[in-house]
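Got the viewer open and a selection box ready? Here is a walk through the model, one stop at a time.

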Amino acid sequence: MKIHEFQAKQIIAGFGVAVPKGRVAKSPDDAKAVAAELGGKVVVKAQIHAGGRGKGGGVKLANSPEEAAQVFSRIMGMQLVTHQTGPQGQKVKTVLVEEQMPIERELYLAVLIDGAAGRPVMMASAAGGMEIEEVAAKTPEAIHRVSIDPVTGFQPHLARELCFALGLTGDLMKPATQLMTSLYDAFMAKDASLAEINPLVVTKDGRVLALDAKMNFDDNALFRHKEIEALRDKDEEDPSEVEASEKGISNFIKLTGNIGCLVNGAGLAMATMDAIKFAGGEPANFLDIATANDVNKVVDALLIISRDPNVNAILVNIFGGMARVDIIAQGIIEAQKKMAKTVPVVARLAGTNVEEGERLIRESGLPVIRAEELGEAAKKAVEAAKAAA
Ligand code: GDP
Ligand code: MN
């Protein structure tokens with residue numbers, strides 16, 4: 001789960017990370033009031049769940065309360081396009097007003113999970129403020145990493161190592177170490193999957209602050225963080241993913257291709273997406289329906305997939321163990337009756353109650369395209385999508 005910058009800043013500030021003063025403004029007059037409280041010079045920041053807001057025109061300086069009101073009006077409601085939003089952009093519904101910082105240096109700092117090591121890693125770079133993906137691709141040596149043993153925690157020697165790598169010497173070392181330690185504490189306490197500060201700034205008067213903040217959380221740990229779950233902003237999420245999760249279909253991820261997939265098992269879902277790509281197609285979603293022996297859930301899933309305007313074909317790949325193929329078959333039949341547009345369905349069905357499932361599909365008379373194995377199914381789905389497009 002993702003949250004907004006202002007929410008991430010509130011969380012990390014609670015653990016001791018220094019952040020600029022400021023708050024969310026509700027109207028131009030409110031922005032003016034916040035600016036006046038902060039001494040006049042502010043930065044007005046669009047709050048969307050995507051990075052690259054600065055380049056896209058969503059982060060602007062204002063040098064007086066009047067200007068803050070004007071800039072607020074320009075940013076609030078704008079359709080902000082960044083490299084992370086896609087070409088359609090994201091509508092700005094929340095705006096943060098903060099004090100301006102006299103920036104001396106912009107650095108990068110993040111804590112995330114190193115899946116290969118199975119432990120947290122803190123990453124830092126002197127090349128802050130820009131896209132870290134670009135730094136990683138062009139100058140990987142400019143990113144420093146320290147692996148953290150979760151039993152002993154973030155030790156002072158790790159902070160010193162990063163401080164030296166970033167050139168944070170002398171009087172800067174103490175506040176930088178405190179900030180790193182606090183960021184790690186917040187990351188662990190909240191079961192985050194990412195806590196990223198880009199840029200981490202050194203000010204002309206020798207302070208070290210988080211000018212931006214991004215936090216992502218492990219969905220599987222949200223049950224023990226109701227306060228984090230309460231920060232969820234569904235306006236920022238893909239509507240089809242929101243609908244899927246509301247209907248109890250939790251493993252649905254919207255993608256950009258044109259072949260919808262309904263599969264049981266995450267591994268099989270990944271293999272199905274690979275097979276589609278191998279056959280020259282692009283998957284429109286990832287979906288692990290799991291052992292949903294519930295016709296309604298199968299229907300809901302197929303309807304959500306078919307409503308995607310990009311979808312020209314649906315590949316149903318079921319290997320029934322605990323999952324019953326006859327229930328999936330009933331779902332396919334019901335969904336085909338309810339689909340607003342006709343989307344060809346390719347079905348590769350195997351396992352428990354497959355004979356019954358096949359009988360149901362045969363007797364329904366619906367034009368379900370049958371396949372015996374996965375490669376064949378993917379090929380037929382790609383062909384069907386091409387023919388339907
Ligand atoms: P992002 O583009 O979505 O990552 O948004 P950021 O919060 O990182 O802001 C983008 C850029 O705006 C930063 O890298 C800074 O260069 C600039 N910026 C943000 N706040 C301030 C500020 O208080 N003072 C100055 N001078 N620049 C700022
Ligand atoms: Mn940033």
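Two strands count as paired here if DSSP finds at least two bridges between them. Keep that in mind for the opening stop; also note that this is a predicted model.

**Stop one: the parallel sheet.** Select strands 14, 16, 17 and 18. These 4 strands make an open sheet, ordered 14-16-17-18, with parallel pairing. Strand 14 and strand 18 (369–370) sit at the edges, each pairing on one side only. Now zoom in on strand 17 (residues 345–351) and strand 18: they run parallel and are joined by 2 bridges. To see one of the partnerships, pick A347 and look across to R370 in strand 18.

**Stop two: helix 10.** Next, select residues 295–307. That's helix 10, 13 residues reaching 18 Å from first C-alpha to last, close to the 18 Å expected at 1.5 Å a residue. At its start, look for D294: a side-chain oxygen there comes within 2.9 Å of the backbone nitrogen of N296. Which residues of helix 10 are buried? Colour V298, V299, A301, L302, L303, I304, I305 and S306 to see them. What covers them includes helix 8 (239–246) and helix 11 (325–338), along with strand 13 (252–254), strand 14 (259–263), strand 15 (285–287) and strand 16 (313–320).

**Stop three: strand 10 and its partners.** Move over to residues 192–203, which make up strand 10. This strand is mostly covered, with 11 of its 12 residues buried. Try its pairings one by one:

- Strand 7 (103–114) runs antiparallel to strand 10, joined by 8 bridges; L107 has L200 as its bridge partner in strand 10.
- Strand 12 (214–217) pairs with strand 10 in the antiparallel sense over 4 bridges, and E196 stands opposite K214 of strand 12.
- Strand 11 (208–210) is antiparallel to strand 10 as well, with 3 bridges between them; here V201 stands opposite L209.

While you're at strands 10 and 11, follow the hairpin that links them. There are 4 residues between the strands, and G206 takes a positive phi near 80°.

**Stop four: the manganese ion.** Select ligand 2. Which protein atoms act as its donors? They are the O of N198 and the OD of D212, lying 2.1 to 2.2 Å from the manganese ion. N198 belongs to strand 10, while D212 is in the loop between strand 11 and strand 12, so this pair ties together parts that are 14 residues apart in sequence. Are the two donor residues buried or exposed? With buried meaning under 20% relative accessible area, N198 counts as buried at 15%, and so does D212 at 19%.

**Stop five: the nonpolar cores.** Finish with I12, M122, F154, M180 and M215, the residues that touch the most other members of the largest nonpolar core, which has 41 residues. Elements giving two or more residues to this core include helix 1 (5–14), strand 8 (119–125) and helix 5 (156–166), and strand 10 is on the list too. Helix 6 gives the most, with 8 residues. For a closer look, centre on I12 and show its contacts: leaving out residues up to four places away in sequence, I12 touches V17, V19, L183, A186, I197, A210, A213 and M215. Then pick A244, A292, V325 and V368, which are among the 33 residues of a second, separate core.

Key: Residues are numbered from 1 along each chain as its sequence is written. Chains are lettered from A and ligands numbered from 1 in the order in which they are written. This is a predicted model: local features need pLDDT of at least 70, side-chain atom pairs count only at pLDDT 80 or more; totals for chains, interfaces and linings use all residues. Side-chain values use heavy atoms; hydrogens and water are left out. Donors are N, O and S atoms within 2.8 Å of the metal (3.2 Å for Na, K and Ca); water is not among the atoms, so sites may look incomplete. Buried means under 20% relative accessible area, exposed over 50%, partly exposed in between (1.4 Å probe, protein chains only). A nonpolar core is a set of buried Ala, Val, Leu, Ile, Met, Phe, Trp, Tyr and Cys residues joined through side-chain atoms within 4.5 Å. Contact means heavy atoms within 4.5 Å. The expected span of a helix is 1.5 Å times one less than its number of residues. A polar contact is a pair of N or O atoms within 3.5 Å; within protein, one must be able to donate a hydrogen and the other to accept it, and residues adjacent in sequence count only if both atoms are side-chain atoms.
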